[in-house]
Amino acid sequence: MADPDVLGFEALRLPDAAATVEAIVDELRRTVRGFKRRGGVLGLSGGIDSTVVAALAARAFGPEHVLGVLMPETDSSADTLRLSRLAADAFGIPTVLEDITPVLDAVGCYRRRDDAFRKVLPDYGEGWKAKIVLPSVVESDAFRLFSVVAVDPEGAEHRARLTAEAYLEVVAATNFKQRSRKMLEYYHADRLNYAVMGTPNRLEYDQGFFVKNGDGAADVKPIAHLYKSQVYQLAGALGVPEEIRLRQPTTDTYAMPQSQEEFYFSLPYDRMDLCLFAVDHGLPPASVAAAVRLDVEQVERVFADIGAKRRVARYLHASPVVLGDWSGPPTAAG
Amino acid sequence: MGDVESDVREFISENFILDGQVLAVDASLTSHGVLDSMGVLELIMFIEQRFSLKVPDEDTLPENLDSVERIVRYVEQRLGGPDG
């Protein structure tokens with residue numbers, strides 16, 4: 001008989017994915033009606049999360065009341081646009097193409113980022129490609145420090161640890177990407193009297209894997225309560241194209257291909273989901289060690305990293321704080 | 001060299017908000033919420049600039065950086081002893 005204190009991946013299985021779809025669709029429709037908006041806008045990336053939200057919105061409002069905004073830029077992967085269109089076509093959603101490269105150029109996104117890279121890689125320049133990476137949390141208990149990995153035009157790889165200043169400047173500059181996209185989503189939402197739908201899953205939302213006032217901004221977040229593994233289950237129930245379901249999750253933020261584990265999470269999403277589930281349910285590291293194929297000490301480090309990211313995410317989740325004795329707008333009676 | 005401990009204490013109190021908290025020399029800076037991932041980068045930069053040291057990746061361990069006492073011990077070891 002299975003030990004009830006030992007978790008396997010079945011802990012993440014939704015009892016009835018089709019029923020979950022219907023419940024979200026109903027709540028999404030009621031929420032957007034409550035805002036007096038007539039439909040939904042979302043940015044399509046060709047990834048699993050935005051495709052599932054698009055499919056849910058198409059069911060909630062009818063596909064003609066959903067707009068998918070395609071917002072590639074010069075560093076986007078070659079697949080992004082094609083898979084975004086595949087997602088929209090699968091659910092009959094109209095799209096609009098907004099190449100954000102000129103916006104990012106005008107605001108100095110690339111120049112500011114490259115200036116920051118040059119603080120640790122002085123030769124970085126035209127024709128180079130780069131990404132920032134974190135060491136694995138499971139291999140050592142060392143503090144995780146960001147490095148830049150770059151490839152020069154001759155194909156040689158260079159690596160350097162980022163200073164605090166360079167790291168902050170790289171992140172601040174690349175955050176223009178998520179914030180420019182959100183600006184355009186709200187432009188189309190205002191134009192059409194639609195609401196903006198956010199696409200984070202629970203792992204991303206809980207752990208602060210979003211840009212404040214960038215991809216973190218939205219009027220409604222239909223899948224932020226679902227572990228990523230559960231988003232994949234919804235994808236199956238909704239008929240998301242297989243090519244999108246099989247795509248490796250990516251940040252699609254830097255010119256070099258970058259997995260989400262390299263940049264943020266400790267483990268691939270399914271193992272990360274199970275660790276987060278255990279933390280959410282107050283279960284000890286030993287309960288998931290076998291399933292995530294780590295020893296207990298390694299899982300302890302993953303749990304500690306989850307806690308550390310939650311502390312950083314508090315600021316990202318915080319609404320503007322109104323000081324003084326403001327207690328809200330006057331009521332109709334007041 | 002000067003007093004490593006007073007330099008480290010001054011850096012921590014000037015750069016991280018302690019809300020009047022006085023930390024014991026052996027108190028964990030991460031457990032007390034003083035040092036986060038950004039703070040570690042800033043601390044390393046401080047050590048490298050103030051003491052003219054290079055802190056290699058393999059030294060960025062809690063046992064070297066996660067309390068005032070540990071930072072002082074690490075810096076003094078790297079400088080060749082308490083008297084520098």
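Helices, runs of at least four residues assigned H or I by DSSP, are numbered from the N terminus. The model shown in these views is predicted.

**Overview of chain B, a chain with four helices and zero strands.** From the N terminus on, the elements follow the order α-α-α-α. Chain B has 84 residues, of which 26% count as buried. Among the contacts in chain B with a separation of 6 or more, 62% join residues that are 24 or more positions apart.

**Helix α4 of chain B, residues 68–79.** The helix has twelve residues, which at 1.5 Å a residue should span 16 Å; the C-alpha atoms at its ends are 16 Å apart, so the expected span and the model agree. Buried residues of α4(B) are B:Val68, B:Ile71, B:Tyr74 and B:Val75. Viewed down the helix axis, the buried residues of α4(B) fall within an arc of 135°, and they therefore line one face of the helix. An α-helix has 3.6 residues a turn, so residues three or four places apart point the same way. The partners against which the buried residues of α4(B) pack are α1 (4–15), α2 (37–51) and α3 (62–65) of chain B. Just after α4(B) comes B:Gly80, which takes a positive phi of about 100°.

**B:Ser28, in the loop between α1 and α2 of chain B.** Is B:Ser28 buried or exposed? With 15 other C-beta atoms within 10 Å, B:Ser28 is partly exposed, because that count lies between the limit for an exposed residue, 12 or fewer, and the limit for a buried one, 20 or more. Leaving aside residues up to four places away in sequence, B:Ser28 touches B:Asp66 and B:Ser67. B:Ser28 and B:Asp66 are 38 residues apart in sequence, yet their C-alpha atoms are 5.3 Å apart in space.

**The two domains of chain A, domain 1 (9–102 + 176–255) and domain 2 (106–167).** The C-alpha centres of domain 1 and domain 2 of chain A lie 29 Å apart. Their contact takes five residues from domain 1 of chain A and seven residues from domain 2 of chain A. On the side of domain 1 that touches domain 2, four residues are nonpolar, none is polar and one is charged.

**The largest nonpolar core, a set of 99 residues.** The members that touch the most other members are A:Val52, A:Ala54, A:Ala57, A:Phe117 and A:Cys275. Helix α2 of chain A (residues 48–61) gives the largest share of this core, ten residues. At least three residues of the core come from each of domain 1 and domain 2 of chain A. Which residues surround A:Ala54, when those up to four places away in sequence are not counted? A:Ala54 touches A:Leu42, A:Leu44, A:Val66, A:Gly68, A:Ala87, A:Ala88, A:Phe91 and A:Ile93.

**The contact between chain A and chain B, with twelve residues from chain A and 13 residues from chain B.** On the side of chain A that touches chain B, the elements that give two or more residues are α6 (164–192) and α13 (296–317) of chain A. The largest share of that side, three residues, belongs to α13(A). By type, the residues of this side of chain A divide into seven nonpolar, one polar and four charged.

Definitions and conventions
Residues numbered from 1 in each chain as written. Chains lettered and ligands numbered in written order. Predicted model: local features only at pLDDT ≥ 70, side-chain atom pairs only at ≥ 80, totals over all residues. Contact = placed C-beta atoms within 7 Å. Nonpolar A, V, L, I, M, F, W, Y, C, P; charged D, E, K, R; others polar. Expected span 1.5 Å × (residues − 1). Arc of directions from axis to C-beta. Domains from an automatic or database assignment. Core = buried A, V, L, I, M, F, W, Y, C linked by C-beta atoms within 7 Å.
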